[in-house]
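Hi there,

Here is the structure I promised to pass on. Have a look at it first, and my notes follow underneath.

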Amino acid sequence: LRIHIYILHPPTWYQELKSGPKTFHPERVLQMPFCRFSVWPSPCRFVKVPGNSSKSKGCFPVTLIKKKSLFQLFAEKIRAAQKKYQVTVPLAIMVSPLNEKEIISLFEKNHFFGLEKENVFFFKQDLLPFLDENGKWVFSSQNTLAMGPDGNGDLFYHLSRAGIYQKLHQRKIQYLSIFSVDNPLLNPLEESLIGHHKLYKN
């Protein structure tokens, strides 16, 4: 598998851009200063992917002083982007049957962390049986298979099944920013990445 991306290094980023796609190297940083002027107000929305567990990592407090959860951090960053660019940015969160109530309850108790309720969507994964390293069934009790969320690979299927894809289409959304819950430093609005895709119509 080869991943291609435009690698840009100021002050030679323009020359490198013209040279075409290069193989991605994780240690290099994508820097596209001009994209910050081209990305908004392009339609964009975010899809957050929580971890596959019965206790969502997004609900845990991660900041030392104010004890903010990961969900709150991401919601605040989206609110800041909305204010900066004067746009509405919907948020879709994939939950599992194991943590659905916990996640939705957290958002409701905290008034959706300042986001508009109608712009926050929840959609559910399915459960699949666990297998051990030998491909054998794993049982949680003598007669019950151990089950867990089916992972992020079916994200687009679940988006469509829940009707969120249709809502995206109605809102004329063109770009998805898909991210996992684990990284508190992550910027849901990565202007450089979104601008790159817009610029090259990826």
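Let me start with the packing around one helix. In this predicted model, the cover over the buried residues of α3 includes α2, β4 and β5 (120–124). The residues being covered are I103, L106 and F107. Viewed along the axis of α3, they lie within an arc of 95°, so they line one face of the helix. That fits the usual geometry: with 3.6 residues a turn in an α-helix, residues three or four places apart point the same way. K101 and K109, on the other side of α3, are exposed. Just after the helix, H111 has a positive phi of about 55°, in case you want to check the backbone there.

Now for the interior. The largest nonpolar core contains 21 residues, and F71, I93, I103, F107, F113 and L115 have the most contacts inside it. At least two residues of this core come from each of α2 (70–85), β4 (91–95) and α3 (100–109), with α2 giving the most, five residues. There is also a second, separate core of nine residues, among them M94, F121, L159 and I164.

Finally, the surface. L131, W137, F139, L145 and M147 make up a nonpolar patch there, and together they have about 500 Å² of accessible area. One of them, L131, sits in the loop between β6 (127–129) and β7 (139–141). With a relative accessible area of 49%, L131 counts as partly exposed, because exposed means over 50%.

Happy to talk any of this through.

Best wishes

Terms used. Residues numbered from 1 in each chain as written. Predicted model: local features only at pLDDT ≥ 70, side-chain atom pairs only at ≥ 80, totals over all residues. Heavy atoms only, no water. Core = buried A, V, L, I, M, F, W, Y, C linked by side-chain atoms within 4.5 Å. Buried < 20%, exposed > 50% of the residue type's maximum accessible area, 1.4 Å probe, protein only. Helix = DSSP H or I, 4+ residues; strand = E, 2+ residues; numbered from the N terminus. Arc of directions from axis to C-beta. Contact = heavy atoms within 4.5 Å. Patch = residues over 30% accessible without salt bridge, like charges linked within 9 Å, V, L, I, M, F, W, Y side chains within 5 Å. Areas by Shrake-Rupley, 256 points an atom, 1.4 Å probe, with all protein chains shown as cover. Salt bridge = Lys/Arg side-chain N within 4 Å of Asp/Glu carboxyl O.
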